[in-house]
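Work through the exercises below with the sequence and the model side by side. Try each task before reading its solution.

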Amino acid sequence: MPEKKYNVDSFNLDHTKVTAPFVRLACEKTGRKGDVVSKYDIRFCQPNKEFMTTGAMHTLEHLVAENIRDELPRIVIDFSPMGCRTGFYLTVWGDHEESWIAEHLCAVLEKAAAWDKEIPGSTETECGNFKDHDLKAARELAARWVEGIRTQGWNCYKN
């Protein structure tokens with residue numbers, strides 16, 4: 001990782017030296033009372049080589065956001081898409097090993113890859129852009145991420 005230049009951690013990441021898919025601790029913050037909040041970079045697509053369509057990313061966000069709270073009860077704060085559309089940020093209470101996060105995400109994404117029901121929260125009354133979903137592409141992305149993590153591991157720096 002280069003010396004800190006920007007306030008945003010991912011801007012300091014050399015995107016040419018990582019291999020997706022991966023889980024990377026992006027930052028940890030300790031509160032005034034000693035509570036720790038951790039943010040993880042959950043990368044699905046190889047930076048500057050590919051990206052998710054908005055429909056696929058939107059659907060994947062709905063599937064993960066709904067199911068991750070069952071897999072990681074009481075620690076999930078947020079699961080947010082990256083503007084570059086190559087991945088998501090997962091923010092949780094506590095400090096956890098990247099491998100532990102990857103293992104639990106595999107369980108969630110295996111569910112997403114097999115999802116054959118209505119997309120959670122995808123009606124006009126539940127979603128601000130309910131027409132922009134792509135379940136087929138989201139399922140493919142989830143399956144590809146799990147396969148990559150299971151075969152290559154969670155670590156993004158390949159030397």
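The exercises go from the sheet to the helices, then to single residues.

This is a predicted model, in which local features need pLDDT of at least 70 and side-chain atom pairs count only at pLDDT 80 or more, while totals for chains, interfaces and linings use all residues. Residues are numbered from 1 along each chain as its sequence is written, and side-chain values use heavy atoms, with hydrogens and water left out.

**Exercise 1. Work out the strand order of the sheet and find its edges.**

Step 1. Fix the elements. Strands are DSSP runs of E with at least two residues; helices are runs of H or I with at least four; both are numbered from the N terminus. Two strands pair if DSSP finds at least two bridges between them.

Step 2. Take the pairs in turn. Strand 1 (residues 22-30) and strand 2 (residues 36-43) are antiparallel and share eight bridges. Strand 2 and strand 4 are joined by seven bridges, again antiparallel. Strand 3 and strand 4 run antiparallel too, with five bridges.

Step 3. Assemble. The four strands make an open sheet in the order 1-2-4-3, with antiparallel pairing. Strand 1 and strand 3 (76-81) each have a single partner strand, so they stand at the edges, with one side lacking a neighbour in the sheet. From one strand to the next, the twist averages 20°. Angles run from 0 to 180 degrees between N-to-C directions, and axes are lines fitted to C-alpha atoms, for helices over the stretch in contact.

**Exercise 2. Find the residues that stand opposite leucine 25, glutamate 28, arginine 43 and valine 76.**

Step 1. Start with strand 2. Tyrosine 40 stands opposite leucine 25. Serine 38 is the bridge partner of glutamate 28.

Step 2. Move to strand 4. Glycine 87 is the bridge partner of arginine 43. Valine 92 faces valine 76.

Step 3. Check the turn. The hairpin of strand 1 and strand 2 has five residues between the strands, and glycine 34 there has a positive phi near 90°.

**Exercise 3. Is strand 2 largely enclosed or left open, and why?**

Step 1. Set the cut-offs. Buried means under 20% relative accessible area, exposed over 50%, and partly exposed in between (1.4 Å probe, protein chains only).

Step 2. Count. Six of the eight residues of strand 2 are buried, so the rest of the structure largely encloses this strand.

Step 3. Look at what covers the sheet. Helix 3 packs on the sheet and touches strand 1, strand 2 and strand 4. The direction of helix 3 makes about 120° with that of strand 1.

**Exercise 4. Describe how helix 3 and helix 4 cross and which residues meet.**

Step 1. Take the axes. Those of helix 3 (residues 98-113) and helix 4 (residues 135-152) come within 8 Å and cross at roughly 145°.

Step 2. Assign the hand. The crossing is left-handed: the near helix is turned anticlockwise from the far one by less than a right angle (clockwise would be right-handed).

Step 3. List contacts, meaning heavy atoms within 4.5 Å. Helix 3 contributes residues including Leu105, Cys106 and Leu109; among those of helix 4 are Trp145, Val146 and Ile149. The residues of this contact divide into eleven nonpolar, no polar and four charged. Here Ala, Val, Leu, Ile, Met, Phe, Trp, Tyr, Cys and Pro count as nonpolar, Asp, Glu, Lys and Arg as charged, and the others, Gly among them, as polar.

**Exercise 5. Explain why cysteine 45 forms no bond with its closest cysteine.**

Step 1. A disulfide needs two cysteine sulfur atoms within 2.5 Å.

Step 2. The closest cysteine sulfur, in cysteine 84, is 8.8 Å from that of cysteine 45, which is too far for a bond. The structure holds zero disulfides.

Step 3. Compare the settings. Cysteine 45 is buried at 1% relative accessibility. Cysteine 27 is partly exposed at 23%.

**Exercise 6. Locate the backbone features at proline 21, asparagine 48 and arginine 74.**

Step 1. The peptide bond from alanine 20 to proline 21 is cis, with omega near 0°. Proline 21 sits in the loop between helix 1 (9-12) and strand 1.

Step 2. Asparagine 48 is not a glycine, yet has a positive phi of about 65°. Its loop runs between strand 2 and helix 2 (54-71). Asparagine 48 is exposed, at 73%.

Step 3. Arginine 74, also not a glycine, has a positive phi of about 70°. The loop here lies between helix 2 and strand 3. Arginine 74 is exposed, at 82% relative accessibility.
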